[in-house]
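Student: Please take me closely through one part of this model. I would like the sheet and what packs against it.

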Amino acid sequence: MWKAMRQAGRATVHLALAAVMAFGLYLFITVLLITATGTLAVVGAWLLPETVLLIRRIAGAKRQMTAAWTGRQIPEAYQALTGPLRQRLRIAVRAPGTRTDLLWMLASYFYGALVFLALPLWPLGLVVDGVWCGVLRREAVVLPLITRLADLEARWSQALLRPSPEALLAARVKELAVTRADAIAAHEAELRRIERDLHDGAQARLVALSMRIGLAQRAYDRDPDTARKLLADAQDHAQEALTELRHVVRGIHPPILTDRGLVGAVRALAASSGLEVTVEVLGGLEEGPRPPAAVEAAAYFAVAEALTNAAKHSGGRRATVRLLRLRAGLRAVVRDEGTGGVDEHGGSGLLGIRRRVAALDGTVTVTSPAGGPTEIEVELPCVW
């Protein structure tokens, strides 16, 4: 009985808030009329985009209210109202989200009053369920009807506020355009880094090597000792140039990732890190098939960057790397016991991780409260 009363109380509060919002929408009709009049008179056309923005905020509040009751978020897919007035007017009128919100407003004028069906059920439920539960020891039958009314109101709100397929498609296209631009920017930055490493490292050493070999050739007949010394220096420069080239190759695609797979490569990273790193492999990742090469590379570089950041900035001594095979993807989590408070715009490398992961339609979640710990979670979709 008490459980049914508490649940019915929560449902009543939800229905009451819905009724208050519906009453506010009745008052909002005045704003709609003023906007329509001003738009038709041309002089008040600027009111239309502002009114649409206000409607979006109201619909957003309703989405949050419904999500609080159901536990499921309702996505938003709006076109940004930016640019000159003519462009904002065109978006405000033609955007699919505007039609969706207006349809919800119209419907909520009617189903928003469900609370008036719930209120009479309270006295009836207290009497009937009091006898039914207290005397006969049965489950309540009247008070749960209030909860069902709240569920009905939430289902209608979900159905009406869910973005249309064309709105979701437009949002997806915009997201992919941003992701593509970030991927191109990351690729260009990577090419510049490789070019800089080759120019400042291996290329300079190869030039010095060529000069010493040329000097050794000239001195070979008249001064063999000097020639042998120059050849020895040339050999040292050849070894250094080879080391530089290996470093550049590892920055492009580490050979250990190809040879030993993601788990082996991450364990090698942990062993060479300046922290005490524990590697946990879950979900049968080590025994099962390997993920695609692009997914492996993205996960590897994300873990490498996260461990480098932890060693440089966290102030902690220990870190944990968890690799988990999901049904439709791969998850990598790096957690350090540092001071937290990560600034994503402070040159910590997180932007590079986000760009690399976004190029594969993955997600990056950073949790770093002040005082720590810091946890970076990377999830990449893939087909096994």
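Tutor: Start with a pair of strands. Strand 3 (residues 329–336) and strand 5 (residues 374–381) run antiparallel and are joined by eight bridges. Strands are DSSP E runs of at least two residues, helices are H or I runs of at least four, and both are numbered from the N terminus. Within this pair, arginine 335 has glutamate 375 of strand 5 as its bridge partner.

The model is predicted: local features need pLDDT of at least 70, side-chain atom pairs count only at pLDDT 80 or more, and totals for chains, interfaces and linings use all residues. Residues are numbered from 1 along each chain as its sequence is written, and side-chain values use heavy atoms, with hydrogens and water left out.

Now the whole sheet. It is open, with five strands in the order 1-2-3-5-4 and mixed pairing; pairing takes at least two DSSP bridges between two strands. Strand 1 (276–282) and strand 4 (363–367) are the edges, each pairing on one side only.

Next, the helices. Helix 10 (residues 255–272) lies across strand 1, strand 2 (318–326) and strand 3. Helix 11 (residues 293–314) lies across strand 1, strand 2, strand 3 and strand 5.

Finally, the core. A nonpolar core joins buried Ala, Val, Leu, Ile, Met, Phe, Trp, Tyr and Cys residues through side-chain atoms within 4.5 Å; buried means under 20% relative accessible area (1.4 Å probe, protein chains only). The largest one has 36 residues, and Leu262, Val303, Leu307, Val321, Leu323 and Val378 touch the most other members. Helix 11 gives the largest share, twelve residues.

Conventions: Contact means heavy atoms within 4.5 Å. Axes are lines fitted to C-alpha atoms, for helices over the stretch in contact, and angles run from 0 to 180 degrees between N-to-C directions. Buried means under 20% relative accessible area, exposed over 50%, partly exposed in between (1.4 Å probe, protein chains only).
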